[in-house]
Amino acid sequence: MASPSQQLPPGWTAEWDPASQRYLFIQASTGRSQWEIPTPAPVQLMDPAPSVSPPPYATHGKRRQYAAGQTQVYYGAGDALGDQYGAHVPQQQQPAATAQLFTPGLAAEGGFAGQQQVPQASYYAPQQEPQYINAPGFGQEPTYHPPNAPIHHLTDQFGQMGMGQKPLHLTTTNLLTSPPDPRELVRPPPEIRLPANACITTSPYANADPSYQRCTINAIPTTSSMLNKSKIPLGLVITPYRTLKEGESPVPVVTDTVIARCRRCRTYINPYVQFIDNGNRWRCCMCSMSNEVPQLFDWDQIRNQPGDRWARDELNHSVVEFVAPTEYMVRPPQPAVYVILIDVSHTAVQSGMVATATRTILENLDRIPNEDERTKVAIIAYDISLYFFSMPPGTTESTMLVVSDVDDVFLPKPTDLLINLTEARQSLESLLGRINDMFQDNHTVGSAMGPALQAGFKLMAPIGGKIMVLSSSLPNVGAGSLKNREDLKILGTSKESGLLQAASPFYKSFAIECSRAQVSVDMFLFSAAYQDVASLACLPHYTSGQTYFYPAFNAARSEDAIKFAHEFGEVLAMPIMLEAVMRVRASKGLRMASFHGNFFVRSTDLLAMPAVPTDQSYAIEIQIEDTLTQPFVVMQTAVLHTTCHGERRIRVITLALPTTSSLTEVFASADQVAIATLLANKAVERSLTHKLEDARDAVHQRLVEILSSYKSSMTSAGAGANAQLAISENLRMLPVLVLGLLKNVGVRQSAQIPPDLRAYAQALLTTLPSQTLIPYIHPTFFSLHNMQPEAGTVGEQGVILPTPLPLTSERLERHGLYLIEDGQTIFLWIGRDAVPQLVMDVFNLPNYEVLRGGKTTLPVLDNDFSRRVNAIVQKTREMRRGVYYPHLYVVKEDGEPPLRLWALSCLIQDRADVLPSYQQFIGQLKDKVNGANNY
C-alpha cells in the first residue's frame with residue numbers, strides 16, 4: 001500500500017503503528033505526534049478557544065462513538081458528519097443557525113434546551129484489537145482517506161466504526177383519520193439497525209428470527225428514565241422450540257462438543273463477540289470479559305484437520321444447538337416416556353371419546369418419537385377405580401389389574417406396566433383395540449383423576465416424561481376432588497376472578513412435585529358440563545404442558561372426532577424437549593424482571609420445564625437497571641434439554657439490538673405485535689392476582705400512557721389539547737390489538753361467559769406464539785363471493801389468500817359469503833340474499849332456505865369456486881404453527897342467535913354489548929390523552 005505521506009499537509013508524515021493498528025501523524029519541525037488527521041489549515045488543536053460548551057474531544061484521545069442516529073438527531077443529516085468527525089473542529093465553529101433550530105417530534109425528548117447541549121456520547125470506542133489471524137484481510141493496513149476525501153469515503157470509514165448507521169425513520173399517523181389495515185400485522189417488525197462493527201460475520205442469520213425471539217423495542221433506550229418516559233413495556237417474546245414449515249432450514253447442530261462460554265457471565269459464544277490477542281482470546285459481548293478460545297475450536301474433528309473458524313455455526317447463526325458433553329448431565333439422558341390416563345366412566349364411553357382416543361393412539365404408534373427404540377408407554381384407565389394393564393413383551397396378551405382403593409394409591413405390579421414401545425408393540429396394539437369394548441357397558445359415573453395422576457406419577461417418577469390426561473367429567477373422587485362452583489350470579493362481578501383460580505391446593509402442589517421429577521402434564525378435557533378448567537389447567541401451567549378443551553364433545557359428529565383425533569395425534573407425534581431448564585441472559589445493565597408462561601421458576605431466573613412442547617411461547621419483562629454504555633446489547637436464551645432420541649443438547653438463541661438515547665428511535669423501533677403479546681400475558685396474570693376489571697384497566701391505561709407520551713414528546717402539540725390522536729406508523733395497529741384483547745373471551749367484560757371457556761381462553765393467551773396469538777385477538781376476515789381471481793389458487797408461496805378486510809359488519813353484504821377465523825374456529829357467514837348458484841357451488845344445496853347452520857364439513861365439489869373456497873379453508877387450518885385444527889361453522893345471517901352473536905363477536909371493530917366500537921374506543925382514548933396532560 002502506498003504511503004499516505006504525500007497526501008498530508010507540508011511538514012507532516014504518517015507512520016503505521018502496529019500495536020494500535022492505526023496511523024500516527026508526526027510534525028517534522030516540532031516532533032509533535034497525534035492520532036488525529038492533521039488539517040491543511042493551521043488549526044490550534046491543543047488549546048481551543050473557550051466556548052459555550054466544552055469540545056467533546058478536550059479530555060479524551062479516543063474517538064467518541066455516538067448511539068445510532070444521535071448525530072443526525074442533533075445536527076441534521078449530511079455535511080455535519082464531515083465537519084464533526086473529519087478533524088477535531090471546536091464546537092463553537094458549528095453554525096449558530098443549526099443549533100437554534102427546534103424540530104417538534106425529532107428532538108422533543110430534550111426540548112429546546114436539550115438541543116443547545118452537546119450530545120453525551122454513550123460509548124468510547126476501544127482501541128482496535130489485533131485482528132483474528134484467519135479473518136479476511138488480516139495483516140493489511142486499513143484504507144487511508146486524506147482529509148479532503150469525499151464525504152461518502154468518511155461515511156464508509158465511520159460506518160466501520162459503528163457511527164454510520166442511519167436512524168429509523170419516524171412517521172406520525174393520526175388514528176382518527178387512518179383506519180386499521182389488517183395487512184400491517186403480517187409485516188416484519190421494525191428493522192434492527194446494529195452498528196456496522198457489531199457482528200463478526202456477514203451471515204444473514206446472525207440475528208434471531210422474530211419467530212424464535214422478538215423484543216417489544218428494537219432500539220433499547222440507554223436509561224430506565226427514557227424507557228419510563230416512552231411508557232412502552234420492555235420485554236422478550238420467546239418461542240424456543242418452534243416447528244419448521246416446508247422450505248425452512250433446520251437449526252444447525254454443533255456436534256463436536258466444543259462449547260465456548262464466558263467464564264464470568266456464562267454467555268455462549270455468538271456472532272457478537274470480539275476476537276482479540278491474535279485470535280487466541282475472545283471478548284464477551286455481555287460483560288466484556290476476556291476468555292480463552294478452546295484449543296479444539298479451530299479443529300475439524302470429522303476430517304481430523306485444521307478447520308475454518310469463520311465457518312463454525314455458532315459464529316454465523318443466532319439460533320444454534322450444541323451437543324452437550326457429560327458435564328451438562330446430572331444423569332444419562334432419559335428415554336421418552338408417555339403415560340396416558342383415559343377416563344372410562346359412562347359419560348366418556350358414551351361420548352365416543354374412549355373409542356376415538358384409543359383409535360388415534362393406535363394409528364399414531366409409528367409417529368411417537370422412538371428413534372433410539374427406548375421410548376416407554378403405559379396406559380391407565382380410570383373411573384372411580386384405577387385400571388392398570390400389564391403387557392409382557394413378546395406376547396399379544398395383556399392383563400387388566402384393578403385398584404379400587406384410591407385413597408392410598410399403589411402400583412399393583414412392579415413390571416410390565418410401563419413397557420418398551422418396540423418390545424411390547426403387539427400386546428399394546430391388541431389392548432388398544434379392546435379397551436373401548438371392555439368398558440362399553442360401564443355405567444359408573446365419577447372420576448378419580450387425582451389418584452390416577454398419582455399412579456401415573458409413581459410409574460414414571462424415576463425417569464420423568466409426559467402424562468396425558470383424557471377426562472370427560474369433573475374429578476370428584478379421592479385426591480384433588482372438586483365441586484361444581486359455577487355460580488351464574490357472580491359472573492361479570494368482582495368475584496368472578498375467584499372462579500379462574502385453582503379450587504384445590506392439590507393441583508399446584510402436585511404440579512411442583514411433577515416438575516421436580518421431570519414430569520409434564522397435558523390435559524385433554526371433554527365435558528359437556530362444568531369441569532373446572534381453571535383448576536385442571538394448573539397442572540400444565542407449572543409443568544410446561546398444554547391444555548386442550550373440547551366442550552360437549554360427541555364423536556357421533558364426525559367434525560368433533562376429526563378435530564380431537566388430529567390434535568391428539570399431533571401431540572403424540574410431537575418431538576419434545578425433555579428435562580429442560582431455560583435461562584435468559586442479557587448485557588450488563590439489563591435484568592429479567594418477571595416471567596410469563598407454562599413453567600416453574602426454580603430460582604430467580606432459572607425456568608424448569610419437564611417437557612417443552614413445540615410452538616409454546618413465553619414472555620419475559622426486562623428492567624434497565626443501569627445506564628447502558630455500549631452501542632448495542634445482546635439477549636441470549638439458552639435451553640438445556642434432552643431430545644426425544646436421547647441426546648443432551650443446548651439450544652441457544654441470540655438477539656442483538658442497538659441502544660439509543662433518542663426517544664424518536666425508541667418509538668420508531670417499537671414492535672406492536674410483541675407489545676400486544678406481552679400485554680396479553682400481563683392481563684391474564686393480573687386477572688388472577690387481582691380482578692378481571694383491574695386487568696382490563698391496566699391494559700387500557702398502558703395504551704393511554706403510550707399515546708400520551710407520544711403526543712407530548714413527538715408532536716408539536718406537546719402537553720396541550722389536540723384534535724388529533726397521534727402515534728408512530730409502526731404502532732398504528734396497537735389500539736385495535738388492545739381493543740381485540742379487551743374483547744377476547746379471556747378478559748372481556750361480560751356476565752355470559754362460562755368460567756371454563758374463560759379459563760381455557762386465558763390458557764391460550766399465555767401460551768400461543770405471536771403468529772397464532774395475533775389472529776386469536778384480531779381475527780381474519782375475508783370476503784369470498786367477490787374475491788380476486790387468483791385467491792384460492794396456488795402461487796409461489798402456496799395457496800393465495802384473499803385480501804383481509806377490516807373487522808366490522810359494515811363490510812357484510814346480504815348476498816355475500818364471508819370467512820371469519822381466529823385460529824381456533826372458522827366461520828362461513830352467508831347472507832340471506834345469497835343467490836342459489838352460490839349456495840349450490842359451495843354447499844351442493846339448491847338454495848339458502850334449505851342450508852342448515854352449525855358445525856359442518858365443507859363438500860369438495862366439481863367446480864372452480866368450491867375448489868378455491870376449500871383451498872382457503874385448508875390453508876387457514878394449516879398455515880399457522882401449532883397442533884390446532886379449527887372447527888368450521890356455517891353461520892346464516894338469520895340463523896340461530898347464539899351462533900350469529902359468536903361469529904359477530906370476532907368483528908371487534910363493532911360495538912358489542914357494553915364494549916365500544918373501534919371509533920368509540922379511539923374517541924375515548926383521545927379524550928383521555930388530552931385530559932391526561934391537563935391536570
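In the predicted model, helices α10 and α11 are roughly parallel to each other, because the angle between them, about 10 degrees, falls under the 35 degrees that bounds this class. The axes of α10 and α11 (residues 505-516) lie 12 Å apart. On the α10 side the contact involves Gly450, Leu453, Gln454 and Phe457, which meet Phe506, Phe510, Glu513 and Cys514 of α11. By class, five residues of this contact are nonpolar, two are polar and one is charged. An α-helix has 3.6 residues a turn, so residues three or four places apart point the same way.

Helix α10 itself comprises the 12 residues 449-460, for which a rise of 1.5 Å a residue predicts a span of 16 Å; the end C-alpha atoms are 17 Å apart, in agreement with that value. Most of α10 is covered, with 10 of its 12 residues buried. Three of the residues that meet α11, namely Gly450, Leu453 and Phe457, are among the buried residues of α10. The buried set also includes Met449, Pro451, Ala452, Ala455, Gly456, Leu459 and Met460.

A second helix pair shows the reverse orientation. Helix α17 (residues 692-714) packs with helix α18 (residues 734-742) at an angle of about 170 degrees, and their axes are 10 Å apart. This angle makes α17 roughly antiparallel to α18, since angles over 145 degrees are assigned to that class. Arg696, Val699, His700, Leu703 and Ile706 form the α17 side of the contact, while α18 contributes Leu734, Pro735, Val738, Leu741 and Leu742. The contact consists of eight nonpolar residues, one polar residue and one charged residue.

The largest nonpolar core contains 196 residues, of which Ile220, Phe524, Phe568 and Met635 touch the most other members. Helix α17 supplies the largest share of this core, with nine residues. Phe568, one of the core residues with the most contacts to other members, is among the buried residues of helix α14. Helix α14 (residues 558-573) has 16 residues, and the distance from its first C-alpha to its last is 22 Å, close to the 22 Å expected. Its buried residues include the charged residues Glu559, Asp560, Lys563 and Glu567. Ala561, Phe564, Gly569, Val571, Leu572 and Ala573 of α14 are buried as well.

Two further positions are partly exposed. Gly433 is located in helix α9 (residues 425-438) and has a relative accessibility of 47%, so this glycine counts as partly exposed. The C-alpha atom of Gly433 is 7.1 Å from that of Thr358, although the two residues are 75 residues apart along the chain. Glu729 occupies the loop between β32 (726-728) and α18, and with a relative accessible area of 29% this residue is also partly exposed. Beyond its neighbours within four places in sequence, Glu729 is in contact with Thr171, Thr173 and Glu184. Between the C-alpha atoms of Glu729 and Phe667 the separation is 9.5 Å, for residues 62 apart along the chain.

Over the whole protein, the secondary structure comprises 24 helices and 39 strands. Of the 935 residues, 58% are buried. Among contacts between residues at least 6 apart in sequence, 75% join residues at least 24 apart.

Methods. Residues are numbered from 1 along each chain as its sequence is written. This is a predicted model: local features need pLDDT of at least 70, side-chain atom pairs count only at pLDDT 80 or more; totals for chains, interfaces and linings use all residues. Side-chain values use heavy atoms; hydrogens and water are left out. Helices (H or I, at least four residues) and strands (E, at least two) are DSSP runs, numbered from the N terminus. The expected span of a helix is 1.5 Å times one less than its number of residues. Buried means under 20% relative accessible area, exposed over 50%, partly exposed in between (1.4 Å probe, protein chains only). Axes are lines fitted to C-alpha atoms, for helices over the stretch in contact, and angles run from 0 to 180 degrees between N-to-C directions. Angles under 35 degrees count as roughly parallel, over 145 as roughly antiparallel, 65 to 115 as roughly perpendicular and the rest as oblique. Contact means heavy atoms within 4.5 Å. A nonpolar core is a set of buried Ala, Val, Leu, Ile, Met, Phe, Trp, Tyr and Cys residues joined through side-chain atoms within 4.5 Å.
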